[in-house]
Each structure stands twice: as C-alpha cells, then as structure tokens.
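Here is a short tour of one protein model. Keep the sequence and the 3D view side by side as you read.

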Amino acid sequence: MNEILIVPDIHGRNFWEPALDYDGEVIFLGDYTDPYPHEHFTSEDAYRNLLKIISYKQQNPDRVTLLTGNHELHYYNREFAASRFSSKYYEKYHAILTDDATAGLFQICKQIDKYLFIHAGITKSWYDLHKDELQRLGTHLEDQVNNLFTSNMEAFFEISGYRGGFHRAGSPLWADIHELFGEEESFDHEMIQVIGHTQIADDEPFIEGNIRLLDNRQLYVLKAHEIKKYT
C-alpha cells in the first residue's frame with residue numbers, strides 16, 4: 001500500500017493547505033463546512049476553502065478522495081439540519097453537493113486494503129440494522145455504503161442518544177466514539193477504521209483497537225501501517 005495523506009475535519013480551517021503540494025494519494029475525512037465561532041473562521045472562509053478543495057479534486061480526480069461528513073449532510077437536505085447549520089449558505093452548499101458537475105466528487109467511504117476511511121465510523125449495531133439492504137447494493141463494503149447513501153440518505157441521519165438523537169445507533173456520519181468503543185465486537189474484526197468527527201485535545205491521534213481517530217486539526221500520513229503526523 002502506498003503512502004496516504006489524511007486530512008481530518010476542516011470546518012473552515014486552513015491547516016489542510018500543505019496537501020496542495022503533496023503528490024501522492026490524499027483522503028479528506030469530511031466536515032468542510034460550519035466553522036466553530038470561537039476559532040474565528042467565518043462561514044465565508046469555509047465556503048471558499050471548499051471551493052479550493054473541489055478545484056484540487058477536479059485537477060487530481062484519481063488521487064484525491066473527498067468524503068462526506070455530518071456537517072455536509074444537512075446541506076443535502078435542510079430537514080437534516082443540525083448544529084451550526086447555515087441557512088445563508090444552504091443554497092450554495094446544496095448546489096455543490098447535488099449539481100451534476102460536482103455531486104460525483106463526494107463519497108461516504110473509501111476502502112484501501114484493510115483500511116476504511118469514513119467520517120464517523122461504522123458500528124456493528126448500525127450495520128446490522130441495514131445489513132440486508134447493504135448487501136443487496138454491492139459485494140464490497142465501499143460500494144454498499146456509498147450506494148446506500150444514494151438510495152436511502154435518511155439512513156445516514158440516524159443519530160443515537162450519545163449525540164442527542166433517538167435512534168438505536170448512529171450512522172457512519174454521526175456515530176459517537178463511545179458507540180464504537182462500547183460495542184463488544186466490531187462489524188468487521190479485520191477492518192481498521194480511520195475517522196474524524198470527534199475532536200480530541202491531544203496532539204497525537206487516538207488509537208485503540210481497530211479505530212484511528214485523527215480529528216485534531218493536523219495532517220497525517222499512513223505509511224507501512226503506521227499513522228504519523230505529516231511534516
């Protein structure tokens with residue numbers, strides 16, 4: 001497996017920009033939109049950032065992957081509106097995510113060997129709830145999940161009590177880290193999930209079992225089955 005540069009949740013920040021000079025495979029873990037007010041990045045910053053990222057993807061379609069996060073989900077459909085949703089920017093983001101020219105630039109997950117890159121992670125509980133439908137949509141997990149988003153987007157707005165919802169399990173865009181670690185077994189014992197979604201204060205990635213949580217505002221490289229900060 002070749003070296004992979006991983007870009008965790010952006011939310012309008014500019015820490016991702018060294019990726020522009022990287023000539024290998026790059027995977028963005030989603031959440032480009034909805035900046036945190038206390039970080040002093042504006043909604044316009046986030047929008048312009050996303051336009052730059054889309055241009056980067058269009059120039060490098062075969063080596064740049066743009067995953068969708070829960071903060072993009074509510075710009076597909078305002079009925080999914082959650083924290084920091086911007087009514088002002090809804091139409092702009094909705095156009096990016098749904099217009100023919102750009103909709104195909106985004107996907108829910110990317111599988112490379114035994115690694116699954118996905119915004120929040122797949123729990124066994126959520127997978128089992130949708131297992132029959134998923135297996136009808138493809139042989140490989142990446143195809144199953146990406147096709148399910150196309151055919152049943154509402155399945156990705158399932159939010160458990162850990163995140164203020166009422167569903168039995170959080171979706172791959174909404175699963176809480178406590179759900180992933182709280183299950184007695186994972187949905188796939190061999191799969192290593194590389195995720196964002198839950199901010200961590202530590203300067204190092206949070207690694208436990210088959211989960212690699214990277215959401216701490218810096219770039220990472222996966223090389224020789226190790227995840228290290230990109231310098």
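Strands, like helices, are DSSP runs numbered from the N terminus, and a strand has at least two residues. Keep in mind that this model is predicted.

**A strand and its buried leucine**

Strand E6 covers residues 115–118, and leucine 116 sits in it. Is leucine 116 buried or exposed? Its relative accessibility is 0%, and the cut-off for buried is under 20%, so leucine 116 counts as buried. Which residues touch leucine 116, once neighbours within four places in sequence are left aside? The contacts are Cys109, Lys110, Gln111, Ile122, Leu141, Phe187, Met191, Ile192, Gln193 and Val194. Now look at glutamate 142. Glutamate 142 is 26 residues away from leucine 116 in sequence, and their C-alpha atoms are 8.2 Å apart in space.

E6 has a partner. Strand E5 (residues 109–112) runs antiparallel to E6, and four bridges join the two. Lysine 110 has phenylalanine 117 in E6 as its bridge partner. E5 and E6 form a hairpin with two residues between the strands. Within this hairpin, aspartate 113 takes a positive phi near 55°.

**The open sheet**

Next comes a sheet of six strands. It is open, and the strand order is E4-E3-E2-E1-E10-E11. The pairing is mixed. Which strands lie at the edges? They are strand E4 (106–107) and strand E11 (226–229), and each pairs on one side only. Follow E11 to its partner. Strand E10 (residues 220–223) pairs with E11 in the antiparallel sense, over four bridges. One bridge links valine 221 to lysine 228 in E11.

**Two helices side by side**

Helix H1 spans residues 43–59, and helix H3 spans residues 90–98. The two pack at an angle of about 15°, with axes 11 Å apart. Why is H1 called roughly parallel to H3? Angles under 35 degrees count as roughly parallel, so H1 and H3 qualify. The crossing of H1 past H3 is left-handed.

What meets what here? From H1 come Ser43, Glu44, Ala46, Tyr47, Leu50, Leu51 and Ile54. From H3 come Lys92, Tyr93 and Ile96. By class, this contact has seven nonpolar, one polar and two charged residues.

**Three residues in loops**

Now turn to the loops. The table compares where three residues lie and how accessible they are.

| Residue | Loop between | Relative accessible area | Class |
|---|---|---|---|
| Histidine 40 | strand E2 (25–28) and H1 | 68% | exposed |
| Arginine 84 | helix H2 (70–76) and H3 | 27% | partly exposed |
| Histidine 130 | helix H5 (124–129) and helix H6 (131–136) | 9% | buried |

Two of these residues have a noteworthy backbone angle. Histidine 40 is not a glycine, yet its phi is positive, about 65°. Arginine 84 is also a residue other than glycine, and its phi is positive too, near 65°.

Why does histidine 130 count as buried? Its relative accessible area is 9%, and buried means under 20%, so histidine 130 falls in that class. Leave aside its neighbours within four places in sequence, and histidine 130 is in contact with Leu148, Ala155 and Glu158. Histidine 40 falls in another class. Exposed means over 50%, so histidine 40 at 68% is exposed.

Methods: Residues are numbered from 1 along each chain as its sequence is written. This is a predicted model: local features need pLDDT of at least 70, side-chain atom pairs count only at pLDDT 80 or more; totals for chains, interfaces and linings use all residues. Side-chain values use heavy atoms; hydrogens and water are left out. Buried means under 20% relative accessible area, exposed over 50%, partly exposed in between (1.4 Å probe, protein chains only). Contact means heavy atoms within 4.5 Å. Two strands pair if DSSP finds at least two bridges between them. Axes are lines fitted to C-alpha atoms, for helices over the stretch in contact, and angles run from 0 to 180 degrees between N-to-C directions. Angles under 35 degrees count as roughly parallel, over 145 as roughly antiparallel, 65 to 115 as roughly perpendicular and the rest as oblique. A crossing is left-handed if the near helix is turned anticlockwise from the far one by less than a right angle, and right-handed if clockwise. Ala, Val, Leu, Ile, Met, Phe, Trp, Tyr, Cys and Pro count as nonpolar, Asp, Glu, Lys and Arg as charged, and the others, Gly among them, as polar.
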